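Trainee: I should like to take a close look at a single part of this structure, namely one sheet and what packs on it. Please describe it in one connected account.

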Amino acid sequence: MLILAPSRRDGPTVAAILERAGLATQTVATLADLCRGVDEGAGAVVVVEEEVSPPTAMSMLQACLARQPAWSEPPILVVTASGSRGSAGFGRGSEHFAGFGNLVLLERPLRSATLVSTLHSALRARRRQYQVRDHLRERERVEARLRAQEQELRGLNETLEERVRERTVELEEANRRLAAEMEQRQEAERALRQAQKMEAIGQLTGGVAHDFNNLLMVVSGGLDMLGRAPDPERRERIVSGMRQAVTRGASLTRQMLAFSRRMSLAPEAIDLRARFDDMRILMAGALREDIALEIELAEDLWPVMADQTQLELAILNTVVNARDAMSQGGTVTIFAGNARLDGRGESRLAGEFVRIEVRDTGIGIAPDILDRIFDPFFTTKEVGSGTGLGLSQVYGFAKQSGGHVKVRSRLWEGTRIILHLPRASSLPLAAAVEASAPAIQVPGPKGERRILLVEDNDEVAELAGQMLEGLGFTVRRAESAPSALAQLENGHAADLVFSDVVMPGGMSGIELARELARRRPGLPVVLTSGFSDGQRDGDAEGLRLLRKPYRLDELEAALAAAFGAHLPSS
């Protein structure tokens, strides 16, 4: 392990950390000494950025690496100043090391665990290089022997077939060994990517916790202020703010589930004109005051077939990305129009689609990273300012919906995110008719309807019970699915069972619904869950599922639909 860090701070610090980890180190005084060590086969190189920043030093290091054989790519770890990524000036940012294929930037202050882990990974990769070298030499020796044997075989026709078979087996064995080594190298690379992903998950979790604390502050403060606000208008503003906070919290959980690939899509026909009208306030709130929002929609805009929640999240992610690209202000324009695709172009889509564009007047995207912006965890923002998941969600949503997303950008001229989604054949009747429909009514007097509430969380059960009683139902609670079955068997009648999906006791809400269908056919069951697997499993079983958090009107509609399909006898 070669270390080029003449300063009193970096050299001894790095050497001490590595020696404590059991790694042999050698500190060199000059770049020329370092190059000689690389030529002699050093395992890895640790160098401070200041030593290679001058053009002459950079040229010397590049010449040193150019002398390496084809199989050799020595790992180089460059210790940089904190916050140097993306800054202006030579040596500030990975773009100045474009000629170095096997390079890792480590920011000061150095963390021992990160340095040691990174060097272990680099040394494992270096060992693979030497193993590849040995296999290449072995292959050359085998091929040389085969050539010699071919000359002998010309005079030995009676043994030619047998000798060729033996040499073929030998060569195949060498190829199998090489393939096994390459597979081990790929496994090491996958492990490294997983470690990077886990680091990004940690960063994302911190950001989500920060957002949730803000949302909880809105709800907590709003509850305190309600008792001090006699003015009805002011109380309504407080309640409205609390509802927006709850909606934002639900959106955050859906984004986390989408990232973990556990959010099941529920495609439906969507009127984009109505959706964008509803989202205008949300999108404007995501922008700063120095950024204008413009929405341009075609007059004959087709409905689109997509999951409404994920569509809104994708649009919001692109708007936030556009905002971050306009530090000096500007304009975000959202355009939607009809498009007939012929199967050509990068998307290879054919048929009728709706084209949605989010345009900004920001700084644009550099050509060398344009192909990476949809990669999970890739971000050009500073550490702590972005997770690199926003555009990844947009890409995944577009593909799962049967569409496509692409980007067009030029530096200092802005960026366009272009989304194609399939056209829906028609809008649902409720969306097509603009006249307000009367509220759904539960058949029969509500006070005579008895609901068995199955919920293990006391706080949720208390609130759900108050909501049900507020709707005029008689409520009885069970804390688990086995308890609910026992109550029904002991003579406690119920006209409907309203149950959570994920509960203790060894039986889920879906399993409870199956058992009730066997024991009490015709008894309506409504499930509720805040976990995406509940949605997916409920759809598979043909059950009604109300996603948490739900509002009072959504609860009433779900119960009314269940009673409508299973009218109990009076």
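Mentor: In this predicted model, a suitable starting point is Val354, whose bridge partner in strand E12 is Leu421. This pair belongs to the junction between strand E10 (residues 350-360) and strand E12 (residues 414-422), which run antiparallel and are joined by eight bridges. In general, the strands of a sheet pair through backbone hydrogen bonds, in either a parallel or an antiparallel sense.

The wider setting is an open sheet of five strands, arranged in the order E7-E9-E10-E12-E11, with mixed pairing. Strand E7 (291-297) and strand E11 (404-410) stand at the edges; each has a single partner strand, so one side of each is left without a neighbour in the sheet. From one strand to the next, the twist averages 20°.

Two helices packed on this sheet complete the picture. Helix H8 (residues 272-286) touches E7, strand E9 (330-342) and E10. The direction of H8 makes about 180° with that of E7. Helix H9 (residues 308-324) also packs on the sheet, touching E7, E9, E10 and E12; the direction of H9 makes about 35° with that of E10.

A second sheet can be set beside this one. It is likewise an open sheet of five strands, in the order E14-E13-E15-E16-E17, but its pairing is parallel. Its edge strands are strand E14 (474-478) and strand E17 (544-547), each of which pairs on one side only. Neighbouring strands here are turned by 25° against each other on average, direction ignored. Strand E13 (residues 450-454) pairs with E14 in the parallel sense over five bridges, and Leu453 stands opposite Arg477 in E14.

On this second sheet packs helix H14 (residues 509-519), in contact with E13, strand E15 (496-500) and strand E16 (525-529). The direction of H14 makes about 155° with that of E15. H14 also packs with helix H13 (residues 481-489) at an angle of about 20°, their axes lying 10 Å apart. The two helices are therefore roughly parallel to each other, since angles under 35 degrees count as such. Their crossing is right-handed. From H13, the contact is made by Ala481, Ala484, Leu485, Leu488 and Glu489; from H14, by Leu512, Glu515, Leu516 and Arg519. Of these residues, six are nonpolar, none is polar and three are charged.

Conventions: Residues numbered from 1 in each chain as written. Predicted model: local features only at pLDDT ≥ 70, side-chain atom pairs only at ≥ 80, totals over all residues. Heavy atoms only, no water. Pairing = 2+ DSSP bridges. Helix = DSSP H or I, 4+ residues; strand = E, 2+ residues; numbered from the N terminus. Axes fitted to C-alpha atoms, helices over the stretch in contact; angles between N-to-C directions. Contact = heavy atoms within 4.5 Å. Parallel < 35°, antiparallel > 145°, perpendicular 65-115°, else oblique. Left-handed = near helix turned anticlockwise from the far one by under 90°. Nonpolar A, V, L, I, M, F, W, Y, C, P; charged D, E, K, R; others polar.
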